[in-house]
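Please open the model in your viewer and keep the selection tool handy. We will go from one stop to the next, with a note on what to select at each.

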Amino acid sequence: MHHAALFTPVQLGDLSLANRIVMAPLTRCRADADHNPTALMAEYYAQRAGAGLILAEATMAIAGNSAFGGREPGIYSAAQVAAWKAVTAAVHAKGGKIALQLWHGGRACHSLLNSGAQPVGPSPLRITNDETHTPQGKKPYEVPRELRDDELPGIVAGFRQAAENALAAGFDAVEVHGANGYLLDQFLRDGSNQRRGPYGGATENRARLLLEVVDTVIGVWGAGRVGVRISPLNSYNDMKDSDPVALTTHVAHELDRRGIAFLDLMRGDFFGQQKGDVVTPARAAFRGALLCGMGYTPAEAEATVSTGTAAAIVFGHHFISNPDLPQRVRAGAALVDPDSKTLYSPGPHGYTDYPAMA
């Protein structure tokens, strides 16, 4: 067996995993026009049930102004809950475990994808380093409407309902999406949050909304089946923070106090613009199961798990094109790289037609 440390069981809160290879939440835009998961999605996730845990893709917690790609799934309607039941059943039939990532796009959304609704955010600052895809082609991001303090309890309530719906849909756990420049991350980092009052300014205030969401989700699931994803260094969606280490330390400490199942830490920056070590402060502040991701090879993953730095490693890129990734890692087999042209295209090509190892 290759990389034996990755194939020892591990406990994440109340979750018992057979191995330490976790599938990252990967947006693939294969839901239908009403944001309902499809049979194709059930097939896709079932193919990858060999992961110790699947983190299902970013899923809209709240209807209205949170869509950003047009075909991402939701978890706010009865039809979506019913459709997700088919996905979780398919994964469980293959012996897998699957968690749902609860998400709101915030300023990364566009009115053309949300029936004309203006995107919202912590401050009226638009994303300036890219354009977004819309039904009318690529368009500049819009200036978001600054959410009022008295609107934020409604956001928290929306996440609570989404957590209840995910429980009804048969998931094994949920992950709160506080990463990659979406709404909760927009509040966390001072490059996008320049508001005053209880949700702006000091690190403790900027983390308030994320922690309120985490608390309400814990109220539904119990802490032992709740995870949180953060990306303190990632500049995706025009994000930055003046002190990512201090931010990491504070958030990790607060999540440790709550006893959540796992902290899912993205260790780097997709674009290499912001550098630093956030793993060490996260490990020091969070005594629970730390998951680390972004650019790990199987060898580095094994070393990271063996030293106790992380409980498990999150793989994204190679889970797209290697549905049997754990088996390939165990066998020491070559890994296939994905076709970038089919990441978000409709249909099975580049989605469910990557073959398993012979």
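Start by selecting helix H4 (183-188) and helix H7 (244-258), each of which supplies at least two residues of the lining of the largest cavity. Helices here are DSSP runs of H or I with at least four residues, strands are runs of E with at least two, and both are numbered from the N terminus. A cavity is a set of points, on a 1 Å grid over the protein atoms alone, where a 1.4 Å probe fits but cannot get out; lining residues have an atom within 4 Å of a point. H7 gives the largest share of this lining, three residues. To see the whole wall, select Gly-178, Asp-185, Leu-188, Arg-189, Ile-230, Ser-231, Pro-232, Leu-247, Thr-248 and Val-251.

Colour that wall by class and you get five nonpolar, three polar and two charged residues. In this scheme Ala, Val, Leu, Ile, Met, Phe, Trp, Tyr, Cys and Pro are nonpolar, Asp, Glu, Lys and Arg are charged, and the others, Gly among them, are polar. The space inside is about 50 Å³, where a volume is the space filled by probe spheres set on the points, and grid points are joined across faces, edges and corners. The whole structure has one cavity of 30 Å³ or more.

A word on what you are looking at: this is a predicted model, in which local features need pLDDT of at least 70 and side-chain atom pairs count only at pLDDT 80 or more, while totals for chains, interfaces and linings use all residues. Residues are numbered from 1 along each chain as its sequence is written, and side-chain values use heavy atoms, with hydrogens and water left out.

Next, the largest pocket, with a volume of about 1500 Å³. A pocket is an open set of grid points with protein on both sides within 12 Å along at least five of seven lines. Its lining has 50 residues; centre your view on Thr-27, Tyr-236, Phe-270, Leu-343 and Tyr-344, which lie nearest the middle. Then highlight strands E4 (53-60), E5 (98-103), E7 (131-134) and E14 (312-315) with helix H10 (317-321), the elements that give two or more residues to this lining. By class, the lining divides into 24 nonpolar, 18 polar and eight charged residues.

Now select helix H1 (residues 39-47) and show Met-41, Ala-42, Tyr-44, Tyr-45 and Ala-46, its buried residues. Buried means under 20% relative accessible area, exposed over 50%, and partly exposed in between (1.4 Å probe, protein chains only). The cover over these residues includes strand E3 (21-23), E4, helix H2 (78-93) and E5.

Move to Thr-342, in the segment after helix H11 (325-331). Is Thr-342 buried or exposed? Thr-342 counts as buried because its relative accessibility is 6%. Beyond its neighbours within four places in sequence, Thr-342 is in contact (heavy atoms within 4.5 Å) with Arg-28, Arg-30, His-349, Gly-350 and Tyr-354.

For the last residue, pick Ser-16 in strand E2 (residues 15-17), which at 40% relative accessibility counts as partly exposed. Leaving aside neighbours within four places in sequence, Ser-16 is in contact with Val-10, Gln-11 and Lys-97.

Finally, zoom out: the protein chain has 11 helices and 14 strands, and 59% of its 358 residues count as buried.
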